[in-house]
Amino acid sequence: MHTFLIIAILLLGFIITFQIARATELVSIIQGEERTRKQSNRINAVLLLVFLIVGLFGVYWTHHTLGDKILKFGTSASDHGIKVDKMMTYTLIATGVVFVITQVLLFWYSFKYRERDDRKAYYFPHNNKLEMIWTVVPAIVLTILISFGLVYWYQITGAAPENAATVEIVGSQFKWEYRYPGKDGVLGKKSYKLIDEAKDNPLGLIWEDAAAQDDIVSGGPMYLVVNKPVRLVIGAKDVIHSVGLPHFRLKMDAVPGTPTTLWFTPIKTTKDMIKETGNENFVFEIACDQMCGNGHTGMRGEIMVVTQEEYDQWMATQKPQYLTAVVENQAPPAAAPVADSTAANGADSAATTAPDSTSTK
Amino acid sequence: MSDTLHTQHESVSHSLHAGDHHVHAHHKETFITKYIFSQDHKTISKQFLITGIVWAIIGGLFSVLFRLQLGFPDQQFPILETLFGQWAEGGRIKPDFYYAIVTMHGTVLIFFVLTQGLSGTFSNLLIPLQVGARDMASPMMNMLSYWFFFVASIVMVASLFLQTGPASGGWTVYPPLSALAQASPGSKAGMDYWIISMALFVISSLLGNLNYIATILNMRTKGMSMTRVPLTIWAFLFTAILGALSFPVLLSGLILLMFDRHAGTSFYLSDIFIAGAALPNEGGNAILYQHLFWFLGHPEVYIIILPTMGIVSEVMSVNARKPIFGYIAMVFSLCAICVLAFLVWAHHMFVSGLNPFLGSVFVLLTLLIAIPSAIKVFNWLTTLWRGNLRFTPGMLFSIGFVSVFISGGLTGIWLGNSTIDIHLHDTMFNIAHFHLVMGVAAFLGMFAGIYHWFPKMFGRYMNNTLAYIHFWVTMIGAYLIFWPMHYQGFAGMPRRYLDKSSWVSFNQFNDLDAMISVVTIIVFAVQLMFVFNFFYSIYKGKRVRTLNPWNANTLEWTTPIKPGHGNWEGEIPEVHRWAYDYSKDGRDFIPQTEPIGENESSH
């Protein structure tokens, strides 16, 4: 009922508008078309000027109201993010100045040079000097922006520092999974053909590889240590996803078959951010940024940035996937599929049973 | 007097077949040859325009639907269930439906409206009329171009009615999502329809583009050197070159995709575990598709914007009563954009795992495009300076075009810089950027062209009052819709999210999204009013009574009010000067056909 009412009102509004439009046309014929044309010319010239003034105020007002809601420049939670914020600030200044100048000229000229009977347009087909100026000046400004941009770009995409921790993040429809390399600091080999949820091997680790046997697989959240560089090894199982980290100002696609990497140093803990934002529900979020299917919107991950101490405590409660997938599944023939979290520190004993696990292939 | 002139022309054009000495005089025109399988470039142009309008309504309607979802995610709209059944159960748009209409919105508006709808209309209408030719180089190919476009449209429309829905992987249809039926319902039959439709579309575009190039290069009338053609013609030429060289690359990419879908090949597929099973495909590369796609995809945005740049230059010059400032610079900047358009595609892939060094090369080339774009903007501003501006609807839309092009173009400097792109890639900032710079701007330019050349197309004017309402609501609405989206992008809000309520970072924009949705509906309603004005004016609009209603210099205004097939009665006029002698030597305008006077100053 409501809908029909709305449609009826829209239709009515339309018919009224149309009748007015037709009437004005008839009036213009009676009044003299030239006179009406000049009148509407003046009205439109004034409207263009009003549009400029209201528009510029609107731009200011939008920035004023939404500026607080957005991630403010300079509030980034990673070292790379600070560079991105700086780059955005420089660009905002450069493009902002150009924006205001060109828009003011456009609408001011439109208003000022509106048609008048006593005016003759000025025949001005070209001027090499002017054209040279506005070729060279943008070129210089752009060169500056590009230079800053590329310096930052190489810093951000350059090799991770030696002491960087490694975490693997794997996207699939529509979730994120994480893998930590365990004590050896090396991610073990994996093969997509070994992926088997039923055998507790969600990432397809190759159990024969000793480096894989202490790897910890988790469904999240991802734990990171504050002020310690981390190198993300990014993969995808099925379609392209993208690891979007809005608070860190970073992003990297997850492409099946082609691992990518991304490194950064978190500089604020989750607790810091809760304090800073005043939002007690705050959590660093991983947003999938590449259309990945119907569940794209819900492909959400979380990151806990904690101190080294808290990290160690958390890590102590984790156990290698190898224990769950191979050791425990094999021991009793009945096979208890659910992981037993009491056997937390069994990584070393697990390694000794490695040769037995060849049958998983 | 002008009345008699008018009726005289009308009778002449109606009796064309009766034995006039020029073109196609031996053909007996029937309804079918005149209006359906017509080979007259003017009729084909109208066919493209009207098909484009139908497509634009469909594409626009989709945006209204998904804006309902984005603005009011908790609300139920029972009418949606009435209209769309299982796609909107309980009056809510389901994710399948959401992604389908998002994908179709992009596909339809980018390809069917702003590529063929735009180029097909104005290249067809203006190239022969402005260079002084009786028709296209190959009227037959021209007709085929439209009909391939029509069949492509039919296939795309048909995909909307499939049980599993149309393609729904975004207009870029990246594999593996688009290659694997298991990945999404839209990747089932809908994706095949999409590929077939686009293949037909590429054929249509190729037929059209080769024709435009051949006509511009070979069929200019006497005296019409390339430095004398209006800027519209240069713009159409570069557009056609871009299209002819880049669309085939898309086709090749799509053929490989088709093989991956149905022939078991692994061009784009490798190491995939999906729906509980590992696929045998190994050794492919999903990024290869992105290279092939964006090799078209980026030139595509210039295919969309260049024709409107030409239209705006022409309309602005006529209504400012001033020559376009820096004609040669305008041509060179069009040329520079055309060349650079082929060299920047990977800036869509900065975060795809691209080699950072390669990325930096593309940053450099991408930001180079800002220079010719800046030249164009400054030249338009100078064209307005000290003019005597007549705010016809076409002129207002041209001014609006420049404003929106500046706003959207400047944010390109943000996204083209890879460092910033890391953060803003695939966010709402990106949506705001390209909608302003190539969506809204191209539409404003297209409207400018329609209002300006409507009298030539149909021998009548459109209603001015409705046109002014159309302009102001569209202009204000466009900024209200897209300006705030930049801020959602700063917050990192990804595009293609249909409900932000579960996200801590993105759920702070509910009021804003609702506002954007309401404005979208209003703007859409006003576009419908434009469509009404368009069709109403074809039959009931005020008649054109003078040959040259805008006092313009170009050749199309030397043809009869309603030109027949062949455009000019008798000889094609000879051209003696460029198209921009406005307000020169104290004269308001000097048509191109007028010989250079003895005491005339040179420019």
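**Exercise 1. The contact between the chains**

Determine how many residues chain A and chain B each bring to their contact, and which helix of chain A gives the most.

Solution. In this predicted model, the contact draws 96 residues from chain A and 103 residues from chain B. The next step is to assign the side of chain A that touches chain B to its elements. At least two residues each come from α1 (2–31), α2 (33–66), α3 (79–112), α4 (128–157), β6 (241–245), β7 (250–254) and β9 (284–288) of chain A. Of the elements of chain A, α4(A) gives the most to this side, with 15 residues. Sorted by class, the side of chain A that touches chain B holds 49 nonpolar, 30 polar and 17 charged residues.

**Exercise 2. Helix α4 of chain A**

Check whether the span of α4(A) agrees with its 30 residues, then state what covers its buried residues.

Solution. At 1.5 Å a residue, the 30 residues of α4(A) should span 44 Å. The end C-alpha atoms of α4(A) lie 42 Å apart, which agrees. The buried residues of α4(A) are then listed: E131(A), P138(A), L142(A), L145(A), I146(A), G149(A), Y152(A), W153(A), I156(A) and T157(A). Their cover includes α3 of chain A, and also α10 (327–341), α11 (356–368), α12 (370–384), α13 (393–415) and α14 (418–424) of chain B.

**Exercise 3. Two helix pairs in chain B**

Classify the packing of α15(B) with α16(B) and of α5(B) with α7(B) as roughly parallel or roughly antiparallel.

Solution. For the first pair, helix α15 (residues 428–458) and helix α16 (residues 464–482) of chain B pack at about 175 degrees, with axes 11 Å apart. Because angles over 145 degrees count as roughly antiparallel, α15(B) is roughly antiparallel to α16(B). On α15(B) the contact is made by A432(B), H435(B), L436(B), V440(B) and Y451(B), and on α16(B) by A467(B), A478(B) and F482(B). By class, this contact has seven nonpolar, one polar and no charged residues.

For the second pair, the axes of helix α5 (residues 95–131) and helix α7 (residues 189–218) of chain B come within 11 Å and cross at roughly 20 degrees. Since angles under 35 degrees count as roughly parallel, α5(B) is roughly parallel to α7(B). The crossing of α5(B) past α7(B) is left-handed. In α5(B), the residues in contact are F111(B), T115(B), Q116(B), S119(B), G120(B), S123(B), I127(B), P128(B) and V131(B). Their partners in α7(B) are F201(B), S204(B), S205(B), G208(B), Y212(B), T215(B) and I216(B). The class count for this contact is seven nonpolar, nine polar and no charged residues.

**Exercise 4. Backbone features in loops**

Locate the cis peptide bonds at P221(A) and P176(B), and decide whether R321(B) and R496(B) are buried or exposed.

Solution. G220(A) and P221(A) are joined by a cis peptide bond with omega of about -5 degrees; P221(A) is in the loop between β3 (216–218) and β4 (222–225) of chain A. The bond from P175(B) to P176(B) is also cis, with omega near 0 degrees, and P176(B) belongs to the loop between α6 (139–159) and α7 of chain B.

R321(B) has a positive phi, near 55 degrees, and lies in the loop between α9 (286–320) and α10 of chain B. With 22 other C-beta atoms within 10 Å, R321(B) is buried. R496(B) has phi near 60 degrees, likewise positive, in the loop between α17 (485–490) and α18 (510–540) of chain B. R496(B) has 20 C-beta neighbours inside 10 Å and therefore counts as buried.

Key:
Residues numbered from 1 in each chain as written. Chains lettered and ligands numbered in written order. Predicted model: local features only at pLDDT ≥ 70, side-chain atom pairs only at ≥ 80, totals over all residues. Axes fitted to C-alpha atoms, helices over the stretch in contact; angles between N-to-C directions. Helix = DSSP H or I, 4+ residues; strand = E, 2+ residues; numbered from the N terminus. Parallel < 35°, antiparallel > 145°, perpendicular 65-115°, else oblique. Contact = placed C-beta atoms within 7 Å. Nonpolar A, V, L, I, M, F, W, Y, C, P; charged D, E, K, R; others polar. Left-handed = near helix turned anticlockwise from the far one by under 90°. Expected span 1.5 Å × (residues − 1). Buried ≥ 20, exposed ≤ 12 C-beta atoms within 10 Å, placed from the backbone.
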